[in-house]
Amino acid sequence: MPFIPVLLWTDALVYLLVATGIGSTIYVRRHAHLRAPWRRVTHSASGMSALTVLACFIVIGLLDTVHFRPLLPDSPHQSVQKIYSTEVLSLLDVWLKPLREQVEKTYSAPLSAHLYAKETIETADGGQVREFPRLIYGGAQLQDPESELLADVWSRALLGAGSGLILWIVAMLALVNWLAKRRATAFALMHRSIWQRTTEVPWNAILLTLALILILSGAMTALASHYHVLGTDKVGQDVLYHALKSIRVGLVIGTLTTLIMLPFALLLGVAAGYFRGFADDVIQYTYTTLSSIPSVLLIAAAVLMMQVYIETHADLFETVAARADLRLLFLCIILGITSWTGLCRLLRGEALKLREMEYIQAAHAFGVSHWRIISRHILPNVMHIVLIVTVMDFSGLVLAEAVLSYVGVGVDPSMISFGTMINASRLEMAREPMVWWTLFAAFIFMFALVLSANLFADSVQNAFNPRVKTLQINHDDSNEPGAESQIDSQVLTSPKAEKRT
Amino acid sequence: MTALLTIEGMTTRLRVGERTIYAVDGLSLEIECGQTFALLGESGCGKSMTALSIMRLLPDAGEVTQGSVRLHAQDLLTLPESAMRELRGNRIAMVFQEPMLSLNPVMTVGAQIAEVLQRHTSMNKPAIQSRMIELLQNVSIPDPAQRLTEYPFQFSGGMKQRVMIAMALAARPELLIADEPTTALDVTIQAQVLDLMRVLQQQTGMAILLITHDLGVVAEMAHQIGVMYAGEMVECTSREKFFQQPAHPYSQKLFAALPSRQKRDRALAVIGGEIPALSKSFTGCRFADRCEQAWSVCHASIPPWVKIAPGHQVRCHLYTAQNTSKTKPAVTPSERIIAHSPHNNNTDHQNDALLEVHDLKIHFPIRRGLLKRVTGHVKAVDGVSLRIAPGRTLALVGESGCGKTTVGKGIMQLVEITAGSVYLNGEALSELRRKQLLAKRALFQIVFQDPYSSLNPRMRIAEIIEEGIRALQPAQSRQKNKDISVRYTEVDALLQQVGLPADVKWRYPHEFSGGQRQRIAIARALAVNPQLLICDEPTSALDVSVQAQILNLLKSLQHKRGLAYLFITHNIAVVDYLADEMAVMYLGRIVESGPAQEVLDHPKHPYTQALLSAIPVTDLDAKRDVIRLEGEPPSPANTPTGCHFHPRCPHVMPICREVYPSTSRFGSAHATRCHLYNSDF
């Protein structure tokens, strides 16, 4: 085998998360009352555009999750035993191999052919001049950068954008074809209804977002093979590569932390609200105390302890990546432990309200056990709150990682993340001329990720929020109770009708 | 007299998603000065939408598309919004249903009334202050100067509604729109508020547009009556004509659906089917599908607005000129007689009581302070004794807050009993452990008041009904799990018993109407074959015609299964129709009990007398002396000494303030607790 697979801790958890995601999708599809709000999510244009952007980030994150150690080229002395590299690579690293390996000497500005620092260069006649030397890789094909650079960059960018556009047209035609087949309508008809926005799912918004992404990334790809699109950092590594690698860390922190905090919040929150009395007192005092401790202090203490442990037990870790990964996982855990209190408080309130509902009283009258009441009556009725809160928390956690890494108690310094990128560039902001592109890259990528997550969270909240729903239903209620059930039954029956046709 | 408000052909349209709903369709009416026009109809018929259309307060999705609304000669629909704001609260005022929600909780009552006065009058501060005091005096709120500085939470429900009325009257409106003003209030309080509105109308000469579903309130208040059905006015006439001879089949059905003693041994008339969806366009009469007197014309053409007598208009083909000569379908009274089990007056029948409650007390501790020390008790139930024989119905009657629901929950062992005992078939439930109690749970079940919160929205009907079977007969259900068809035959049978088709079991509760949900709740309770069903106001959230369906169902189930009911209610008409025995509760204690008819005909306790007299009746000829109770029931946390009723009792004596009266008996079963009948005294 040319490689051995490596399964890091967070990888395993990410796979678990993906499996849970697929499982719950199947579960939701089978339950009408769960399917209805999700269908409303798919009807929101901003939500679906955001989801398209998020999906790109997720794909990059997943590519970066498949880790392995490549086989080192056979050394002449030891041809019997295979030796694997100590460097753990991911699929993304393989894909971005040129970016990863084209390392310059130090800083260089985006799309530049020269270094950002003057060096003393020996001229052919033996004299010495101080000037900006040419880059090893960036713009190396140019004879005279001063005159050719602009034209070259433009032509490459346009070419890349053009190929991105062609890719998009192919993708769009495939999508329209698929939709037309599924609905058994003519291709042209489907095409028209998409662009006239008569489809339920805002395909035009999705397609436009996709067009933007494909054109941008086409141009980037075309440029990236000959330039450093976002410049290089202090040790000459490509900033675009760093930004792309940071996505996984952001996603892992955002999702795994939620996964860790959920059991606490669900179990304790619902238990406090449902059982009341002593259990309620204990849980309330616990989370009040926990939320009064400044979480940065708690996280700093825990992470520093972990760091000491890792350093004293260096032999436990085969690779640097494994070490950094454990620290990341630990960061997720400690963030999870400190952040469950908000959701717990919300769920306690909701459970307090639900336990007085008459259907729960009726269940008591039947002598249904406490566990069954919690699992069958309370949990399904608080899930919308859990969903809204976790999606909303995601962006907050991505930002929290950046802040913590900046402070120095975040991820391992060897791990590329938005936080470490910001931390590395903070001193250079004071330089004259300023090195702005590292910070800029981190900002743009984080902004896109968090904004799309927030927009998506917004549309999820709108779809699941019972108040928004009652606002619409109120209109029916006050004039016609039958209408509400009809709307809902329409919503519920339409997917079946769609399948039948 | 000239018409104050004239509505002509008003159509209000609501956009819900892709569909358009015609909430009000071609409505015309006239209200004269000093008159009360009652808009009568069941929920969803568009009466509230009519009020909002007049005020131009429709939700964003709604608009008035046709017709005109004129106040004197001014067309309200064409006025600019700023002029409309000037008009609202000034010339037209509105009182809403829910007094708890219509006042801002963080503003004092005075500030809220002053807001109206500042907006619509040019009075200065002292003038406003004196006007506010005058207003509160008008609505009979004692100590007005002090009350003005208080916040809404310091007022009781009836007092809040008075404040709302005072606010509405602040700028001396010409028209008061009252949208179900007393629906949320108790009967004795309702009587006070209705009285107040009548008096104020006489003083100020304003017109009232009263929106209600209660025929009794209409009989008390209205001069003119308009009956609405599915967005249309179907009948419009004066009160006298309406109550003597309702013309439209729908109006007739509404009367027939009212429970009363005369209908005791019969099933109540029900209106089959449901209100049609208002989004479709109608080709015939909207009521045709549910009308027993409908014939082909009714489905084919829309009935015109016919004048059958001076001031009496009906929208029905029965009265159109060309049809009166033709043969009308024979009106067959569809009152199917329930073969009621002969009333068993045997006394040994009562010896083997199914349920016996002895001196039940349920007190909730009031905790205060940091250490949550108990500083007092809310005595929700304070010594209640009841007995129900198998197959009989005991009605527990009382106003809200008297503890009747808590009695039900106490019997169900849903709340902890402070003292006393509950015997079911001679076994003390209150002493059983959780496990032992589980075995007994199948014998007694409960049906709740609100059909919207009593079914889990995330469970399908089959799962809801099965829940009890699974919990109480685990071994059996495990066996049945193997065979799905057998398992669901039971559910199907139950659904059929409550009058629902078997295939609804795969649906979710939100797809059903209130009445259907209540049927499902009854099916769930019946699933475990109980002998006793505690019905906690099962019909108070439902419309009259739906209430009739549920009452019929309960009656036929009692007949078929020999169920005993503990019927908790505040609706005396239902008691009269359904109950064998009744008990009247006041502030946690039973003040009078006995055979239902005897208690209703010859009430002994002053509270029972007042309660019965406060109920609005639909019979206009009935001469009755209404006993108006002053004030409101005291809080159960702070009960009066002596007889609980003495602060409101018209016959209060010195001893009432000191000693709680002992039982006085009249005949074998009728008993009351009042010093008036105490032989020692």
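How far apart do the end C-alpha atoms of residues 247-457 of chain A lie? Select that span: the two atoms are 19 Å apart, and the span is 82% helix and 0% strand. Helices (H or I, at least four residues) and strands (E, at least two) are DSSP runs, numbered from the N terminus. An unreviewed UniProt entry places "domain: ABC transmembrane type-1" here; such annotations use the numbering of this model, have shortened names and may be inferred rather than shown by experiment.

This is a predicted model, in which local features need pLDDT of at least 70, side-chain atom pairs count only at pLDDT 80 or more, and totals for chains, interfaces and linings use all residues. Residues are numbered from 1 along each chain as its sequence is written, while chains are lettered from A and ligands numbered from 1 in the order in which they are written.

Next, go to chain B and select its open sheet of eight strands, ordered E6-E7-E8-E3-E9-E10-E12-E11, with mixed pairing. Two strands pair if DSSP finds at least two bridges between them. E6 (92-95) and E11 (305-309) of chain B are the edges; each has a single partner strand, so one side of each lacks a neighbour in the sheet.

Select E11(B) with E12 (residues 312-315) of chain B: they pair in the antiparallel sense over four bridges. Opposite Trp305(B) is Arg315(B) in E12(B).

Finally, select helix H14 (residues 404-411) of chain B, where eight of eight residues are buried (20 or more other C-beta atoms, placed from the backbone, within 10 Å of the residue's own). Among them are Lys404(B), Gly408(B) and Ile411(B). Just after H14(B), Gln413(B) has a positive phi of about 60 degrees.

Note on methods: Buried ≥ 20, exposed ≤ 12 C-beta atoms within 10 Å, placed from the backbone.
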